[in-house]
Amino acid sequence: MGRRRVSRRSRYTRIMSDCLFCKIIAGEIPSTQRHNSDLVIAFNDIAPQAPLHVLIVPREHIGSAADLRDTPAHGALLARMHHVAQEIAVEAGYGDRGWRLVSNVGDEGGQAIEHLHLHLLAGRQLTWPPG
């Protein structure tokens, strides 16, 4: 397997040249953005599984939740990602109705893009267990 080229754009952002989400973050691929800040970007999923289906993605390329470390920076990043999800759910009118956050890890976990992200789902009755 070939090595990926990594470029550093700021102290907050590590970009992988062959990552779909990194290309969206860099503006190379269009998206319908719901949030854009120094640490996190959020955009509508192109294949929604619920009336509200938003992907919340850190600007820094982190492969998955399995790559997170117990550091203040990663703790702050996760808190920000969850807060962005809450803000979007409330703004969309689902704050009191209920919503779900999902993070898939690895092939068997259903992770399709190797870049940490949360799926925010709302607007229909979500069942358990999922998939």
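**Surface and burial.** I began with the surface: the protein exposes about 8000 Å², and carbon and sulfur atoms supply 49% of that area. I note here that the model is predicted. I then looked up burial and found that 37% of the 131 residues count as buried.

**Elements.** I listed the secondary structure next and got two helices and seven strands. Read from the N terminus, the order is β-β-α-β-β-β-α-β-β. I also checked how far apart in sequence the contacting residues lie. Taking contacts between residues at least 6 apart, I found that 53% join residues at least 24 apart.

**Aromatic pair.** I searched for paired rings and found one aromatic pair in the structure. Phenylalanine 21 and phenylalanine 43 make up this pair, with 5.7 Å centre to centre and 75 degrees between the planes. I entered the pair as edge-to-face because the angle is over 60 degrees. Phenylalanine 21 sits in helix 1 (residues 20–25) and phenylalanine 43 in strand 4 (residues 40–44), so I recorded a link between distant parts of the chain, 22 residues apart. I looked up the accessibility of both rings' residues. Phenylalanine 21 has 3% relative accessibility and therefore counts as buried. Phenylalanine 43 counts as buried too, because its relative accessibility is 4%.

**Largest nonpolar core.** I turned to the nonpolar side chains, which in soluble globular proteins tend to be buried together. The largest nonpolar core holds 19 residues, and those touching the most other members are Val40, Leu52, Val54, Ile56, Met81, Ile88 and Leu120. I traced the core to its elements: strand 4, strand 5 (52–58), helix 2 (72–91) and strand 7 (118–122) each supply at least two residues. Helix 2 gives the most, with six residues.

I picked leucine 52 from this core and listed its neighbours. Leaving out residues up to four places away in sequence, leucine 52 touches Arg34, Ile88, Ala89, Ala92, Tyr94, Leu120, Leu121 and Ala122.

**Second core.** I found a second, separate core of 10 residues, with Met16, Ile24, Ile25 and Ile41 among them.

**Largest pocket.** I looked up pockets last. The largest pocket contains about 350 Å³ of space. Its lining comes to 14 residues, and Gln49, Val102, Leu121, Arg124 and Pro130 lie nearest the centre. Strand 6 (100–102) and strand 7 are the elements that give two or more residues to this lining. I cross-checked two names: Leu121 is one of the residues that leucine 52 touches, and strand 7 is one of the elements supplying at least two residues of the largest core.

Key: Residues are numbered from 1 along each chain as its sequence is written. This is a predicted model: local features need pLDDT of at least 70, side-chain atom pairs count only at pLDDT 80 or more; totals for chains, interfaces and linings use all residues. Side-chain values use heavy atoms; hydrogens and water are left out. Helices (H or I, at least four residues) and strands (E, at least two) are DSSP runs, numbered from the N terminus. Buried means under 20% relative accessible area, exposed over 50%, partly exposed in between (1.4 Å probe, protein chains only). Contact means heavy atoms within 4.5 Å. Accessible areas come from the Shrake-Rupley method with a 1.4 Å probe; for residues, only the protein chains shown count as cover. Rings of Phe, Tyr and Trp (its six-membered ring) pair if their centres lie within 6.5 Å; planes under 30 degrees apart count as stacked, over 60 as edge-to-face and the rest as tilted. A nonpolar core is a set of buried Ala, Val, Leu, Ile, Met, Phe, Trp, Tyr and Cys residues joined through side-chain atoms within 4.5 Å. On a 1 Å grid over the protein atoms alone, a cavity is a set of points where a 1.4 Å probe fits but cannot get out, and a pocket is an open set with protein on both sides within 12 Å along at least five of seven lines; lining residues have an atom within 4 Å of a point. Grid points are joined across faces, edges and corners, and a volume is the space filled by probe spheres set on the points.
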